[in-house]
Amino acid sequence: MVLRAEGLAKSFPFEDKRIHVLEDINLSLESGKSLSIRGDSGCGKTTLLNLLSRLESADRGTVKWQDFEMNASKQCASKEGVLRAHFLGVVYQAYYLIPELNVLENVLIAAKLSGAYGKEVSDRARELLSNMGMGNKERQIPGKLSGGERQRVAIARAMINSPKLILADEPTGNLDERTGGEVMELLLESCDEEKTALVLVTHNQKFAEATDETLFLKEGKLQN
Ligand SMILES: Nc1ncnc2c1ncn2[C@@H]1O[C@H](COP(=O)(O)OP(=O)(O)OP(=O)(O)O)[C@@H](O)[C@H]1O
Ligand SMILES: [Mg+2]
């Protein structure tokens, strides 16, 4: 098992009360498998990914990355941050590339943050970019790339540390259907090749159905 969540709940203060976004989330994902989550806007999909990546703490519940179990209601400990750099890659709708760095440097920065330097790492970055069809744009800056190209770079960056799990939050949300399809194919293919598990949040039925398991988030719970 690469990822397990048990009894996750999350509420936010709103005016003088609380809104209960996630009530009781249970999920498990086997190594190398993919899972999609769909649900209405505002139902808590991004919130759930933030709990799974430990960027945000829950009201209660546990999150387990492989054999490492964490109390999700506690703030992420520094030890988890180190583990996260190797365990997890994240892809967002809005890419979040660093504008001042070129394509290759944007991928390499994620390796540097996990303590990896040198020729081996830059060779891997180049190979990933080439697999993403971005081999000829290594020196370009993100501002001069199309949305689809930016997301290909973001996927290469998410893959650089050979993570066990990728969390993708509407990675094709800003792309047209055809470009989105191409990017999704690249994401699914590279997860397959690298045996990386994937949690994919999407509004797109076709993309959701390309994963091993499809779930819906509704009323704070995951449903089939
Ligand atoms: N930090 C916060 N403080 C207060 N409320 C929040 C916070 N973050 C999220 N929410 C609320 O929690 C609910 C779930 O938000 P979330 O972003 O997880 O939805 P989503 O399913 O990702 O929606 P979308 O499909 O539009 O991205 C929303 O009602 C949102 O307003
Ligand atoms: Mg969201």
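Two residues are taken to be in contact if their C-beta atoms, placed from the backbone, lie within 7 Å. In this predicted model, helix α1 lies in that sense across strands β1, β2 and β4, and runs at about 125 degrees to β1.

The chain as a whole contains seven helices and 10 strands. Its radius of gyration is 17 Å, close to the 17 Å that the globule rule gives for 224 residues, so the chain is as compact as a globular protein of that length. Along the principal axes, the C-alpha trace spans about 50 × 40 × 35 Å, and 38% of the 224 residues count as buried. Among contacts between residues at least 6 apart in sequence, 69% join residues that are at least 24 apart.

The strands that α1 lies across, β1, β2 and β4, belong to an open sheet of four strands, in which the order is β2-β1-β4-β5 and the pairing is antiparallel. Strands β2 (17–29) and β5 (68–71) stand at the edges and have a single partner strand each, so one side of each is left without a neighbour in the sheet. From one strand to the next, the twist averages 25 degrees.

Within this sheet, strand β1 (residues 3–14) is joined to strand β4 (residues 60–65) by five bridges, the two running antiparallel. Arg4 has Lys64 of β4 as its bridge partner, while Ala9 stands opposite Arg60 in β4. In a regular strand the side chains alternate between the two faces of the sheet. In β4, Gly61, Val63 and Trp65 make up a covered face, whereas Arg60, Thr62 and Lys64 make up an uncovered one. The two residues of β4 named above as partners of β1, Lys64 and Arg60, thus both belong to the uncovered face.

On its other pairing, β4 is matched with β5 in the antiparallel sense over four bridges, and Trp65, a residue of the covered face of β4, has Phe68 as its bridge partner in β5. These two strands form a hairpin with two residues between them, and Gln66 in the turn has a positive phi of about 50 degrees.

Most residues other than glycine have a negative phi. Against this background, Glu15, which is found in the loop between β1 and β2, has a phi near 50 degrees, a positive value in a residue other than glycine. With 6 C-beta neighbours inside 10 Å, Glu15 counts as exposed, because the limit for that class is 12 or fewer. A positive phi near 50 degrees is also found at Ser162, which is placed in the loop between α5 (147–159) and β7 (165–169). Ser162 has 14 C-beta neighbours inside 10 Å and therefore counts as partly exposed.

Ligand 1 is surrounded by Phe12, Val21, Gly39, Ser41, Gly42, Cys43, Gly44, Lys45, Thr46 and Thr47. By class, this shell has three nonpolar, six polar and one charged residues. The element that gives the most to the shell is helix α1 (residues 45–52), with three residues. The helix that lies across β1, β2 and β4 is therefore also the one that gives the most to the surroundings of ligand 1, helices and strands being taken as DSSP runs.

Technical notes:
Residues numbered from 1 in each chain as written. Chains lettered and ligands numbered in written order. Predicted model: local features only at pLDDT ≥ 70, side-chain atom pairs only at ≥ 80, totals over all residues. Near = placed C-beta within 6 Å. Nonpolar A, V, L, I, M, F, W, Y, C, P; charged D, E, K, R; others polar. Pairing = 2+ DSSP bridges. Axes fitted to C-alpha atoms, helices over the stretch in contact; angles between N-to-C directions. Rg over C-alpha atoms; globule rule 2.2 N^0.38 Å. Buried ≥ 20, exposed ≤ 12 C-beta atoms within 10 Å, placed from the backbone.
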